[in-house]
Amino acid sequence: MKYYIVDFENVNTHGLNGIENIAEEDTVCIFYSDFANSISIDHHLAISQSKADISFQKVDVNGRNSLDFQLVSYLGYILCENRDRDTEFFIVTKDRAFESIPAYWRNKGYKISVVTD
């Protein structure tokens, strides 16, 4: 199983490329805000064609990096909820600040990567 967390505010629709190919057992959670809250009809179609479990988390941006902090909090939450160490987690973002997250969680036995393209 794979779990994708998308920083939509940072990657916009480019972070959704290929979403229609994600497997049925996988999960995608898209974090967005009022600053980034629209997608094209083509991306709507790709999302609807995906067999993955897709959810959306709207973030109230009330300060710098609000979405980032909430995304990382959510990651910690789902890692604690999902004790299956075979699950792979991916943070989809162009934000280099997330690069320190995988090393921290790998030391605890989780498989986490940051996807920048």
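These are my notebook entries on a predicted model.

**Ground rules**

I am working from a predicted model in which local features need pLDDT of at least 70, side-chain atom pairs count only at pLDDT 80 or more, and totals for chains, interfaces and linings use all residues. Residues are numbered from 1 along each chain as its sequence is written, and side-chain values use heavy atoms, with hydrogens and water left out.

**Entry 1: the sheet**

I started with the strands. I take helices (H or I, at least four residues) and strands (E, at least two) as DSSP runs, numbered from the N terminus. Two strands pair if DSSP finds at least two bridges between them.

In what order do the five strands of the open sheet stand? I read E3-E2-E1-E4-E5, with parallel pairing. Strand E3 (53–58) and strand E5 (111–115) are at the edges with a single partner strand each, so each has one side without a neighbour in the sheet. From one strand to the next, the twist averages 15 degrees. For angles, I note that axes are lines fitted to C-alpha atoms, for helices over the stretch in contact, and that angles run from 0 to 180 degrees between N-to-C directions.

**Entry 2: strand by strand**

Next I went through the pairings. Strand E1 (residues 2–7) pairs with strand E4 (residues 88–92) in the parallel sense, over five bridges. E1 also pairs with E2 in the parallel sense, again over five bridges. Tyr3 is a handy residue to click on: Phe89 in E4 stands opposite Tyr3, and Thr27 is the bridge partner of Tyr3 in E2.

E2 and E3 run parallel and are joined by six bridges. Here I found Tyr32 opposite Lys58 in E3.

I then looked up burial, where buried means under 20% relative accessible area, exposed over 50%, and partly exposed in between (1.4 Å probe, protein chains only). Five of the six residues of E2 are buried, so E2 is largely enclosed by the rest of the structure.

**Entry 3: Phe31 and helix H3**

Phe31 lies in strand E2, and its relative accessibility of 2% makes it buried. For neighbours I use contact, meaning heavy atoms within 4.5 Å. Leaving aside neighbours within four places in sequence, the contacts of Phe31 include Ile5, Val6, Phe8, Val59, Leu67, Leu71 and Tyr74.

Helix H3 (residues 66–81) lies across E1, strand E2 (27–32), E3, E4 and E5, and runs at about 165 degrees to E1.

**Entry 4: two neighbours in one loop**

Asp86 and Thr87 both sit in the loop between H3 and E4. Which of the terms buried or exposed fits Thr87? Thr87 is buried, at a relative accessible area of 1%. Asp86 counts as exposed, at 56% relative accessibility.

Not counting neighbours within four places in sequence, Thr87 is in contact with Met1, Asn82 and Lys111, while Asp86 is in contact with Met1 and Lys111. I also checked Asp86 against Lys2: these are 84 residues apart along the chain, and their C-alpha atoms are separated by 8.9 Å.

**Entry 5: Ile101**

Ile101 lies in helix H4 (residues 101–106) and is buried, with a relative accessible area of 16%. Setting aside residues up to four places away in sequence, Ile101 touches Val72, Leu75 and Ile91.

**Entry 6: positive phi**

Most residues other than glycine have a negative phi. I noted two residues with positive values. Asn12 has phi near 50 degrees and is in the loop between helix H1 (8–11) and E2. Asn65 has phi near 65 degrees and is in the loop between E3 and H3. Asn12 is partly exposed at 34% relative accessible area, and Asn65 is partly exposed at 36%.

**Entry 7: the largest pocket**

I finished with open space. On a 1 Å grid over the protein atoms alone, a pocket is an open set of points where a 1.4 Å probe fits, with protein on both sides within 12 Å along at least five of seven lines; lining residues have an atom within 4 Å of a point.

The largest pocket holds about 290 Å³ of space, where a volume is the space filled by probe spheres set on the points, joined across faces, edges and corners. Which residues lie nearest its centre? Of the 18 lining residues, they are His14, Gly15, Asn17, Val92 and Asp117. E1 and E4 are the elements that give two or more residues to this lining.
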